[in-house]
Amino acid sequence: MPWRTILEVAKVMQEAGHKVAILNACNKEEDVFDYGWAGIGGLYKETVQIRSVLKTDEAVLTKLNELSPQSLYIPLTFREGIKPAKWIENVQCKKIGYMAGGVYDLKSAWLLIQTAGLAVAKPYLLEALTSYRLFAHTMKQIGISKIIGLTDTTTNSVKRSGFINALTIYPGKDPFDAIPAEVDIIKKYGLLGKKWFLFSGAPAPT
């Protein structure tokens, strides 16, 4: 799940009048800070409050009890059907999950093991091996009321697991078309006026 997507969702929620905070689980607790950015030519400026919290069940639960949210959006993967975070069940509010990854199969996981090793492939192997039925059962047990997928493929996989209350919400976009074009890099590679593809993948062996 790209960090930018989380920030955009929080920004739009704030624009709709909601009070929003993002919890950033990390290995060292730091002070609360605001993430701010200027939009099109500086026409708007938004800040989103990000609260860091130690990556332990106890610390996350303590922080959530302090914040007392009405709703909590939790990133999920299918492998969490095996062992979900312990704090989720103990949070007393509406809990909505969103699928942070995609849908993986054994063939792809095996190919990744061969090319990048077991350490890199392990999460994807667990995704492929986890029973979808087990995922649905576990999510209901820990009190997840709804699950969001960013594509129909993911959402349909959730529904096939037996968790029917799922829907697709596509990632939105800022009005990027109003931002002045920056063509220096295109000129550098002699691509101005030509057709070309841009590919940007995750900074990982996958």
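Which residue in E7 does Ile147 stand opposite? In this predicted model, Ile147 stands opposite Ala166 in E7, and that pairing is a good place from which to explore the rest of the chain. Local features are described only where pLDDT is at least 70, side-chain atom pairs count only at pLDDT 80 or more, and totals for chains, interfaces and linings use all residues. Residues are numbered from 1 along each chain as its sequence is written, and side-chain values use heavy atoms, with hydrogens and water left out.

The protein chain contains 8 helices and 7 strands. Helices (H or I, at least four residues) and strands (E, at least two) are DSSP runs, numbered from the N terminus. Of its 206 residues, 30% count as buried, where buried means under 20% relative accessible area, exposed means over 50%, and partly exposed lies in between (1.4 Å probe, protein chains only). Among contacts between residues at least 6 apart in sequence, 57% join residues at least 24 apart; a contact here means heavy atoms within 4.5 Å.

Confidence is given as pLDDT, the predictor's confidence in each residue, from 0 to 100. The protein chain has a mean pLDDT of 86, with 84% of its residues reaching 70 or more. Strand E2 (residues 33–38) has the lowest confidence, at a mean of 54, while E6 has the highest, at 97. The pLDDT is below 50 over residues 38–43, a stretch that has 6 contacts in the model beyond near neighbours in sequence.

Attention can now turn to the sheet. An open sheet is formed by 4 strands in the order E4-E5-E6-E7, with parallel pairing; two strands pair if DSSP finds at least two bridges between them. E4 and strand E7 (166–168) are the edge strands, each pairing on one side only. From one strand to the next, the twist averages 25 degrees, with axes taken as lines fitted to C-alpha atoms (for helices over the stretch in contact) and angles running from 0 to 180 degrees between N-to-C directions. Strand E5 (residues 94–99) pairs with E6 in the parallel sense over 4 bridges. Along this pairing, Lys95 stands opposite Ile144 in E6, and Gly97 stands opposite Ile147 in E6. E6 and E7 also run parallel, joined by 3 bridges.

Ile144 and Ile147 appear again in the largest nonpolar core, which has 23 residues; together with Trp87, Met139 and Val158, they touch the most other members. A nonpolar core is a set of buried Ala, Val, Leu, Ile, Met, Phe, Trp, Tyr and Cys residues joined through side-chain atoms within 4.5 Å. At least two residues of this core come from each of helix H2 (57–67), strand E4 (71–76), helix H3 (87–90), helix H6 (132–141) and strand E6 (144–149). H2 gives the most, with 4 residues. A second, separate core of 10 residues includes Ile6, Ala10, Val48 and Ile50.

Beyond its neighbours within four places in sequence, Met139 is in contact with Leu76, Glu80, Gly81, Ile144, Ile147 and Phe163. Phe163 is also touched by Ala136, as are Ser161 and Gly162, again not counting residues up to four places away in sequence. Ala136 lies in helix H6 and counts as buried, at 2% relative accessibility. Its C-alpha is 8.6 Å in space from that of Lys159, with the two residues 23 apart in sequence.

What of H2 and the residue that comes after it? In H2, the buried residues include Ala59, Val60, Leu61, Lys63 and Leu64. H2 is followed by Ser68, which lies in the loop between H2 and E4. Ser68 has a phi near 45 degrees, a positive value in a residue other than glycine. Ser68 is exposed, with a relative accessible area of 54%.

Finally, the cysteines deserve a look. Cys26 is buried, with a relative accessible area of 16%, and Cys93 also counts as buried, at 18% relative accessibility. The structure holds 0 disulfides, a disulfide being a pair of cysteine sulfur atoms within 2.5 Å.
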